[in-house]
Amino acid sequence: MTVQVAMDHVIEVQSHAKNVSQYCRGKRKKLVWMDCEKLMDDTILQLNRSLDGIKSNSTTCSDFDAQTWLSASLTNIETCLSGSNDLNVSNILQPNLSTNVSQLISNCLAVNGEFVDAENTTQVGGFPNWLTTSERKLLQTTSIDLMATRANYVVAKDRSGHFQSIQAAINYAVSRRVGNQRIVIYVKRGVYRENVLYCNCWG
């Protein structure tokens, strides 16, 4: 399987990164090594999730989810390469983190994308068939009040919701999520000056 081959290559690159860490004497090289090591860890996790989603009997991850993780994996690889080039230390990982890995993941995206497209061709009222009737109605509503009452959590700057920040709502929602449950967070109109983070360890 192409995803497995891509993951094997990334694991090999990760092993190389650990071996060259002793040669990272300068500040730039250390920064690149630390960033790339973290990105490789994330990539392996995301490729594992992609494998789970591609399995026909998977109940925790769909083909669409797998496509998301594959895309994130490719972004990680490109970020590592771009960072090493920008800091002129591409000799650390680039010989091993070659375009082969990026090409393998790109191939995975293309193949899995065919399955995603096939799934989305079956639509109900213009929405993918994996959306429930209540979820379709929620997306179609133009009533702000209805949206707020149907959402699991509401974010509002004026304290009229459950949370004042998007990050706080996500953190709480993830901690309360059960299995593959879909959680809806309604964000009321306003200016939210924050960097929203999603941690891989949340599942």
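What follows is a short walk through a predicted model, from the overall make-up of the chain to a small group of aromatic rings and the helix beside them in the account.

Starting with the big picture, the protein chain contains 7 helices and 4 strands. Read from the N terminus, these elements come in the order α-α-α-α-β-β-α-α-β-α-β. The chain has 203 residues, and 35% of them count as buried. On the outside, about 12400 Å² is exposed, with carbon and sulfur atoms supplying 52% of that area. As for how the chain meets itself, take the contacts between residues at least 6 apart in sequence: 65% of these join residues at least 24 apart.

Next come the aromatic rings. The model holds 3 aromatic pairs. One of them joins Tyr153 and Phe163: the ring centres sit 6.1 Å apart and the planes meet at 70°, and since an angle over 60 degrees is the mark of that class, the pair is edge-to-face. Tyr153 belongs to strand S3, which covers residues 153-155, while Phe163 is found in the loop between S3 and helix H7 (166-176); the pair therefore ties together parts that lie 10 residues apart in sequence. Both partners are tucked away from the surface. Tyr153 has a relative accessible area of 16% and Phe163 one of 17%, so each falls under the 20% cut-off and is buried.

Phe163 also has a second partner, Tyr172. Here the centres are 5.5 Å apart and the planes are at 50°, which makes this pair tilted. Tyr172 has a relative accessibility of 33%, so this residue counts as partly exposed. Taken together, Tyr153, Phe163 and Tyr172 make up one aromatic cluster.

That leaves helix H7 itself. Its buried residues are Gln167, Ala169, Ile170 and Ala173. Looking down the helix axis, these buried residues of H7 fall within an arc of 160°, so they line one face of the helix. A bit of background helps here: an α-helix has 3.6 residues a turn, so residues three or four places apart point the same way. What do the buried residues of H7 pack against? Their neighbours are S3 and strand S4, the latter spanning residues 185-187. Turned away from this buried side, the other face of H7 carries the exposed residues Ser175 and Arg176.

Strand S3 thus appears twice in this part of the model: S3 holds Tyr153 of the edge-to-face pair, and S3 is also packed against by the buried residues of H7.

Note on methods: Residues are numbered from 1 along each chain as its sequence is written. This is a predicted model: local features need pLDDT of at least 70, side-chain atom pairs count only at pLDDT 80 or more; totals for chains, interfaces and linings use all residues. Side-chain values use heavy atoms; hydrogens and water are left out. Rings of Phe, Tyr and Trp (its six-membered ring) pair if their centres lie within 6.5 Å; planes under 30 degrees apart count as stacked, over 60 as edge-to-face and the rest as tilted. Helices (H or I, at least four residues) and strands (E, at least two) are DSSP runs, numbered from the N terminus. Buried means under 20% relative accessible area, exposed over 50%, partly exposed in between (1.4 Å probe, protein chains only). The arc is that of the directions from the helix axis to the C-beta atoms. Contact means heavy atoms within 4.5 Å. Accessible areas come from the Shrake-Rupley method with a 1.4 Å probe; for residues, only the protein chains shown count as cover.
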